[in-house]
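Reader: Hey, got a minute to walk me through this model? I'd like to start with one of the helices.

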Amino acid sequence: MMVDIVIIIVSNLMGLLLRFDLSPEKIEPRFLNSVWSYMPINIILTVIIFYIFRMYHSLWRYAGIVEMQNAFSACILASVVQLGGLLILDFPVPRSYYFLYGGTLLALTIGSRFAYRYLRLLFRKKVDT
């Protein structure tokens, strides 16, 4: 769960950085304030969504298609919920931010799960030889 919290934070910031060509100085302060202000809410809601989609129930060493589908669905829903929350609370962000955040969240979430599986496989091969 702690890895997911870090992923959520990084995804929030990367969404803005990618939108502004990886140049922090180009990010308007109002956009950065919006993301920082909404981040605690986003972390809580995203972790709850991940829990509902059973992201913390399966053994990731056996991660497969079902886990990937759950992660994909959870990240899409978390992105839509974030969009709704930012709009309802009137926190301005660029329109492209929602897609960049969602894509980064999805890539890092799935990547972290399968990286765990891959590293575990490598360790096993080392121990067996």
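**Helices, core and salt bridges**

Author: Sure, starting with H3: its buried residues are Glu67, Ala71, Ala74, Cys75, Ala78, Ser79, Gln82, Gly85 and Leu86. Buried means under 20% relative accessible area, exposed is over 50% and partly exposed lies in between, with a 1.4 Å probe and protein chains only. Helices are DSSP runs of H or I with at least four residues, numbered from the N terminus.

Reader: And what are the ground rules here?

Author: The model is predicted, so local features need pLDDT of at least 70 and side-chain atom pairs pLDDT 80 or more, while totals for chains, interfaces and linings use all residues. Numbering runs from 1 along each chain as its sequence is written, and side-chain values use heavy atoms, leaving out hydrogens and water.

Reader: How far does H3 reach from its first C-alpha to its last?

Author: H3 spans 34 Å with 24 residues, close to the 34 Å expected at 1.5 Å a residue. That expected span is 1.5 Å times one less than the number of residues.

Reader: What follows H3?

Author: Asp90 does, and its phi is positive, near 60°.

Reader: Ok, core next. How many residues are in the largest nonpolar one?

Author: That core has 26 residues, and Leu16, Tyr97 and Leu105 have the most contacts inside it. H1 (2-19), H2 (29-52), H3 (65-88) and H4 (95-128) are the elements giving two or more residues to it. H2 supplies the largest share, eight residues. A nonpolar core here is a set of buried Ala, Val, Leu, Ile, Met, Phe, Trp, Tyr and Cys residues joined through side-chain atoms within 4.5 Å.

Reader: Which residues does Leu105 touch?

Author: Leaving aside residues up to four places away in sequence, Leu105 touches Ile7, Ile8, Ser11, Thr46, Phe50, Cys75, Ala78 and Ser79. Contact means heavy atoms within 4.5 Å.

Reader: Switching to charges, how many salt bridges are there?

Author: Three in the whole structure, each being a side-chain nitrogen of Lys or Arg within 4 Å of a carboxyl oxygen of Asp or Glu. In one of them, Asp4 and Arg113 meet at 2.5 Å, N to O. Asp4 sits in H1 and Arg113 in H4, so this pair ties together parts 109 residues apart in sequence.

Reader: Are those two buried or exposed?

Author: Asp4 is buried at 2% relative accessible area, and Arg113 is buried at 6%.

Reader: What about Lys26?

Author: Lys26 pairs with Asp21, with the closest N and O atoms 3.7 Å apart. Lys26 is partly exposed at 46%, whereas Asp21 is exposed at 56%.
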